[in-house]
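Reader: I am new to this structure and would like a close look at a single part of it. Please pick one helix and show how it fits with what surrounds it.

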Amino acid sequence: MQSDVILVIVVVTALAFDFTNGFHDTANVVATSISTRAMSPRLAVLLASILNFAGAFISLAVAATVAKGIVDADAITPTIVFAGLIGAIAWNLITWYFGLPSSSSHALIGGLVGAVLVGAGANDIIAGGLLGKVVVPAVISPVLAFVTAALAILLCYRVVGLLRPGPVTSGFKLGQIASGGLLALAHGTNDAQKTMGVITLALIAHGNIAADNFHVPEWVVISSASAIALGTYSGGWRIIRTMGSRIIKMDPAQGFAAQGAGAAVILAASHYGYPLSTTQVIAGGVMGAGAAKRVSAVRWGVAGNIMVAWALTIPAAGLMGAATYGVTRIFGTGAAGPLVVFIALLVLVAFAFARRLQQGPPITAQA
């Protein structure tokens, strides 16, 4: 009975993480379109939420990686999964509060690895999977997006260089609607799957699914897609401001290039099962689109702060996941520990959203 209670808490917590992933990572999808006035903030967020939902149904390769490619599913308990999720949610809330576009994906993986280290042991972490599927792609993907966006913007400027600015700007704004939609679809494809993988890992640990018969139940796909879509619709306005205007002052052509480069990299990675940081990818695309026009156009101080947040995400979320597991064990091995921590999480989330509502209306589009 207690194990059933823990499983329910884990599933609800996983969907809560998915929701925070949505509002934390909304900026990845909509910031460029909003900052160039290609779309109004509300329309951009609505479109992104719909396409995030649709994207979750495209592939399950990333879910498989999270569920069985990073930690040993046979050695994991639902309480360990719960502790990892709390570590990820805590880091998401901290970075959202300070407006830093950190990686929800790496927060989830870091929290899970930290909880496994304390709760099961280092031998149950698949080092090759962690290195090959997470760490190496984390280094390569933003660089690839940077280069792709830089080449794309140079090509765009070459093609339209002799045309009148008015029609060119209008054309690229229309292009941003298409590239932004593709980016939203890619984001849902990669990010919603991580929650699917974690819930499936908990189901394996609970005995509902055999480890050698991996599959993602349909209800897990639908609920994960719904949670990230709702989170996206709520809008992470602090991070939208950082991504949309604080790194570079974008024109529509740069927004189009950054979005297109980000979507291409994320979709390719999703096909091969790499759980990328969509935040890192689109930030790399934004920097590339700015630097190709003029190196000084990029506010490298802001970019440096973002990179520090990237570097801290896995270890910080890992420490939080490990600490959460330690707290749950104070109450024994039953459901009491996860229940106490879960209630504390609800209080923290309510407080964070109350503060958000007191900060006034969201940002408006900037010229």
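Author: What follows starts with the whole protein, turns to helix α3 and then goes on to its surroundings.

The model is a predicted one. The protein has 13 helices and 0 strands, and along the sequence the pattern is α repeated from start to end. Of its 367 residues, 57% count as buried. Among contacts with a separation of 6 or more, 87% link residues 24 or more positions apart. The exposed surface comes to about 14100 Å², with 71% of it supplied by carbon and sulfur atoms.

Now the chosen part. Helix α3 runs over residues 61-68 and is mostly covered, since 6 of its 8 residues are buried. These are Val62, Ala63, Ala64, Thr65, Val66 and Ala67. What do the buried residues of α3 pack against? Their partners are α6, which spans 127-160, together with α7 and α10.

Two of these partners, α7 and α10, are also joined by an aromatic pair. Phe172 lies in α7 (residues 165-206) and Phe256 in α10 (residues 252-271), so the pair ties together parts that are 84 residues apart in sequence. The two rings are tilted, with 50° between the planes and 5.7 Å from centre to centre. The structure holds 2 aromatic pairs, and this is one of them. The two residues of the pair differ in cover. Phe172 has 11% relative accessibility, which counts as buried because the cut-off is under 20%. Phe256, at 29%, is partly exposed.

A ring also takes part in another kind of arrangement. The charged end of Lys133 sits over the ring of Tyr274, at 4.8 Å from the ring centre.

Further out, the nonpolar residues form cores. The largest of these has 58 residues, and Val81, Leu85 and Met196 have the most contacts inside it. Helix α4 (residues 78-97) gives the most to this core, with 11 residues. For Val81, leaving aside residues up to four places away in sequence, the residues touched are Val10, Ile76, Leu112, Val198, Leu201 and Ala202. A second core, separate from that one, has 15 residues, including Ala149, Val265, Ile266 and Ala289.

To return to the part you asked about: α3 is a helix of 8 residues with 6 buried, and those buried residues pack against α6, α7 and α10.

Note on methods
Residues are numbered from 1 along each chain as its sequence is written. This is a predicted model: local features need pLDDT of at least 70, side-chain atom pairs count only at pLDDT 80 or more; totals for chains, interfaces and linings use all residues. Side-chain values use heavy atoms; hydrogens and water are left out. Helices (H or I, at least four residues) and strands (E, at least two) are DSSP runs, numbered from the N terminus. Buried means under 20% relative accessible area, exposed over 50%, partly exposed in between (1.4 Å probe, protein chains only). Contact means heavy atoms within 4.5 Å. Accessible areas come from the Shrake-Rupley method with a 1.4 Å probe; for residues, only the protein chains shown count as cover. A nonpolar core is a set of buried Ala, Val, Leu, Ile, Met, Phe, Trp, Tyr and Cys residues joined through side-chain atoms within 4.5 Å. Rings of Phe, Tyr and Trp (its six-membered ring) pair if their centres lie within 6.5 Å; planes under 30 degrees apart count as stacked, over 60 as edge-to-face and the rest as tilted. A charge sits over a ring if NZ of Lys or CZ of Arg is within 6 Å of the ring centre and within 35 degrees of the ring normal.
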